[in-house]
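Biologist: I'd like a close look at one part of this model: any space shut away inside the protein. Please tell me what surrounds it, and then carry on to whatever else stands out.

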Amino acid sequence: MTLVGRYRLEWILIVILVTGFACLMFAVMNSALYGGGGYMEMVGLGVMALMLALVFTQWSHRRSMQRTLNYIQMQLEQLGQDKPSGRVLVDTAENSEIAGPLVQSLGLISKQLEELRQANHSLNINCQIADAQRRQIEQILLSVSDAVVVTSRFDELTFANESAERLLGFNLSNARRKNIDEIIHDGAIVRLIQDTRRMGVNHQPRIVEHSCNNGREACTFRIMLRCLAGPNKTTAGVMIVLHDMTREKEIEQGKIEFVSNVSHELKTPLASIKAYIEMLLDGEVDDPKSTREFYETISSEAERLHRMIERILSISRIESNSDKVVLEPVSMTAVIKQVLKIIAPKAKSKEICISEHLAPVYFQVNADYDLICQAVQNLMVNAIKYTPAGGNITVDVAADERRGVLSVEVSDTGVGIPADELSKIFEKFYRGRSHRAMATGSGLGLPLVQYIVETIHGGKMSVTSEADKGSTFSFELPLVA
Amino acid sequence: MEKKLKKILVVDDEPCILHILALKLRNAGYTVITAADGEEGLELSLSEGPDLIIADYQMPYMDGLQLCSEHRRRGGMPVPAMLITARDFDIDDKMAEKSGISVVLAKPFSPQQVVEIAQDLMSEHHYGGNVLAGVKCNNEK
């Protein structure tokens with residue numbers, strides 16, 4: 001069928017040609033041999049057959065060419081589109097011997113194009129992955145709290161995160177591609193970056209602790225500098241990570257001071273106890289009255305030491321459990337009345353008059369009853385300690401509904417606090433110098449009050465004082481709506 | 001007999017320490033004058049001309065180091081001085097020497113040790129020619 005189909009046109013052509021020639025031959029033979037008529041008709045028929053053969057040949061050739069061109073066009077169209085084209089190429093090759101080599105070449109090109117398409121597709125996917133990873137890393141760098149800066153091998157700024165902008169005081173949109181000495185004002189950091197870049201990629205990352213004065217306050221940074229490697233181990237730039245250690249240093253310093261203060265405060269009564277015992281053992285006192293005084297002093301100093309340790313433990317306990325405190329509506333008027341009952345005997349023994357102006361009990365604050373009692377008691381005990389006999393103490397509890405706060409105020413007519421000591425009285429272990437002899441103390445009472453009021457209850461503590469006239473300690477807590 | 005003439009100024013804001021040191025030194029035969037803070041101590045050191053100053057480091061108004069350096073700055077006799085402190089780690093030797101401190105004694109201390117050091121400081125060896133021995137921290141007892 002294929003053979004017939006393939007050669008059908010050729011057969012038709014041969015039949016027409018043979019018919020044409022037969023007609024011509026018949027006309028010639030008939031005329032020459034028999035001188036018969038019909039010569040012209042037969043010649044005409046033969047010529048017509050030959051002309052028909054010619055036209056048919058032309059038409060067949062043209063048709064074949066057209067089909068080949070159509071296949072090639074179709075193939076090219078498919079090449080232009082993103083479609084597999086192997087099946088069409090095979091058909092095309094079978095259909096046209098003329099276009100065969102061309103179609104084969106096109107097949108190769110198509111195959112190569114297909115491979116290129118696949119490679120391009122993989123490349124696109126890889127590019128998208130790389131781009132997503134780059135954006136992710138950039139987002140991470142932008143969101144880290146440490147300042148991250150990247151410079152080029154020409155010491156130009158190429159990347160900085162928000163922390164770096166804030167810390168080093170520049171705006172990345174204006175600073176990108178500018179030299180670091182134009183945008184980083186701390187000369188020491190600029191020199192560190194330049195030195196790291198000069199040292200090259202073979203050096204280990206550098207870690208440097210750097211202190212500077214950031215406008216208002218001293219800051220300490222731990223700076224990590226790493227040279228970034230380019231192709232063939234060349235220097236591509238420098239990455240700088242600045243970790244702000246100011247707060248860590250403050251905490252560290254605070255701990256050192258705390259230990260120093262604790263040891264000092266504990267050693268003082270211990271020194272007295274040790275000295276008094278040694279005196280007794282050495283027989284430096286022999287009369288019973290002095291001996292008894294010595295024992296009493298040892299006892300009171302031991303008691304002082306005990307109180308101090310209790311205070312330290314109490315602060316430590318409250319600070320470590322502050323997140324477990326449950327605040328409930330409490331009437332401060334009830335709290336004050338409770339505290340007044342406890343401290344009344346002390347006040348009476350010093351002939352100190354306590355007057356009170358208390359808000360109605362329905363004004364309540366969210367508080368831990370025991371802790372807020374402790375805070376008020378500390379304030380009242382201090383007032384009694386530093387008020388000479390015959391003085392006055394006033395306790396006020398007032399509700400300010402407009403501001404939504406309840407204020408508690410403890411005023412005394414005591415010795416007061418000098419202006420230069422006011423800012424220090426809430427520091428742990430600080431004891432006012434001027435009237436230290438008036439009373440014993442650990443220097444932990446007021447820090448505890450401040451911690452209870454501000455950290456645990458979210459209130460605000462304040463103090464006003466005038467030397468020799470008295471002090472007023474007050475705090476405010478949010479009213480329960 | 002000679003040591004009874006020696007006068008020692010003891011300055012401490014802790015009444016117990018002041019009391020015990022005064023008693024121990026008096027029992028050892030010295031004349032003792034006392035002050036409860038740095039300023040009062042400075043006044044006494046300048047007016048009374050003691051042979052030795054024993055001062056607490058941390059005191060109201062003026063600490064022991066300031067007291068000793070002020071004593072010298074205001075023309076007081078360059079007498080030896082002993083600093084008693086619970087913060088011995090806070091005190092730099094050079095700073096102490098500059099203030100005229102001969103010995104830094106850490107709390108808690110032995111009263112007998114104080115007497116021995118006082119005796120030593122007021123001997124010819126230390127007290128002779130205005131040149132004080134280097135600061136020594138004495139708390140081995």
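**The cavity and beyond**

Modeller: Counting cavities of 30 Å³ or more gives one. Keep in mind that this is a predicted model. The largest cavity holds about 40 Å³ of space. As for how such a space is found, rolling a probe the size of a water molecule over the atoms shows where empty space is left.

What lines the largest cavity? Going along chain A, you meet A:T196, A:M199, A:G200, A:H203, A:Q204, A:P205, A:R206, A:L225, A:R226 and A:C227. Two elements of chain A each give two or more residues to that lining: helix 8 (187–199) and strand 4 (217–229). Strand 4 has the largest share, with three residues. Chemically, the lining is a mix: four nonpolar residues, four polar ones and two charged ones.

Stay with helix 8 for a moment, since it also carries a salt bridge. The side chains of A:R198 and A:D195 pair up there, 2.9 Å from N to O. Why do these two sit about one helical turn apart? They are three residues apart in helix 8, so about one turn separates them. A:R198 is exposed, because its relative accessibility of 54% is over the 50% cut-off. A:D195 has a relative accessible area of 32%, so it counts as partly exposed.

Now follow the chain on from strand 4. In the loop between strand 4 and strand 5 (235–244) of chain A you'll find A:K233. Its phi is near 60 degrees, a positive value in a residue other than glycine. That's worth a glance, because most residues other than glycine have a negative phi. A:K233 also counts as exposed, because its relative accessible area is 64%.

A:R177 is another residue with a positive phi, about 70 degrees, although it is not a glycine. A:R177 lies in the loop between helix 6 and helix 7 of chain A. Its side chain meets that of A:E156 in a salt bridge, at 3.0 Å from N to O. This pair ties together distant parts of the chain: A:R177 is in the loop between helix 6 (172–175) and helix 7 (180–183), A:E156 is in the loop between strand 1 (147–152) and strand 2 (157–160), and they are 21 residues apart. Are the two partners buried, partly exposed or exposed? A:R177 counts as exposed at 51% relative accessibility, whereas A:E156 counts as partly exposed at 22%.

Those bridges belong to a wider set, with 22 salt bridges counted over all chains. Another of them joins A:R292 to A:E296, whose closest N and O atoms are 3.2 Å apart. These partners are four residues apart in helix 10 (residues 288–320) of chain A, so about one helical turn separates them. A:R292 is exposed at 57% relative accessibility, and A:E296 is partly exposed at 42%. Elsewhere, A:D131, A:R134, A:R135 and A:E138 form one network through salt bridges that share partners.

Chain A also offers a contrast between surface and interior. On the outside, A:M25, A:M29, A:L33 and A:Y34 make a nonpolar surface patch of about 490 Å². A:M25, one of those residues, sits in helix 1 (residues 2–34). On the buried side is A:P447, in helix 14 (residues 445–456). With a relative accessible area of 9%, A:P447 falls under the 20% cut-off and so counts as buried. The C-alpha atom of A:P447 is 7.7 Å from that of A:I425, a residue 22 positions away along the chain.

That leaves chain B. It has six helices and six strands, and from the N terminus they run β-α-β-α-β-α-β-α-β-α-α-β. Of the 141 residues in chain B, 57% are buried. Where is the cis peptide bond involving B:P108? It runs from B:K107 to B:P108, with omega near -5 degrees. B:P108 itself lies in the loop between strand 5 (101–106) and helix 5 (111–121) of chain B. For context, most peptide bonds are trans.

How values were computed. Residues are numbered from 1 along each chain as its sequence is written. Chains are lettered from A and ligands numbered from 1 in the order in which they are written. This is a predicted model: local features need pLDDT of at least 70, side-chain atom pairs count only at pLDDT 80 or more; totals for chains, interfaces and linings use all residues. Side-chain values use heavy atoms; hydrogens and water are left out. Patches are made of residues with over 30% relative accessible area and no salt bridge: like charges are joined within 9 Å, nonpolar side chains (Val, Leu, Ile, Met, Phe, Trp, Tyr) within 5 Å. Accessible areas come from the Shrake-Rupley method with a 1.4 Å probe; for residues, only the protein chains shown count as cover. A salt bridge is a side-chain nitrogen of Lys or Arg within 4 Å of a carboxyl oxygen of Asp or Glu. On a 1 Å grid over the protein atoms alone, a cavity is a set of points where a 1.4 Å probe fits but cannot get out, and a pocket is an open set with protein on both sides within 12 Å along at least five of seven lines; lining residues have an atom within 4 Å of a point. Grid points are joined across faces, edges and corners, and a volume is the space filled by probe spheres set on the points. Ala, Val, Leu, Ile, Met, Phe, Trp, Tyr, Cys and Pro count as nonpolar, Asp, Glu, Lys and Arg as charged, and the others, Gly among them, as polar. Buried means under 20% relative accessible area, exposed over 50%, partly exposed in between (1.4 Å probe, protein chains only).
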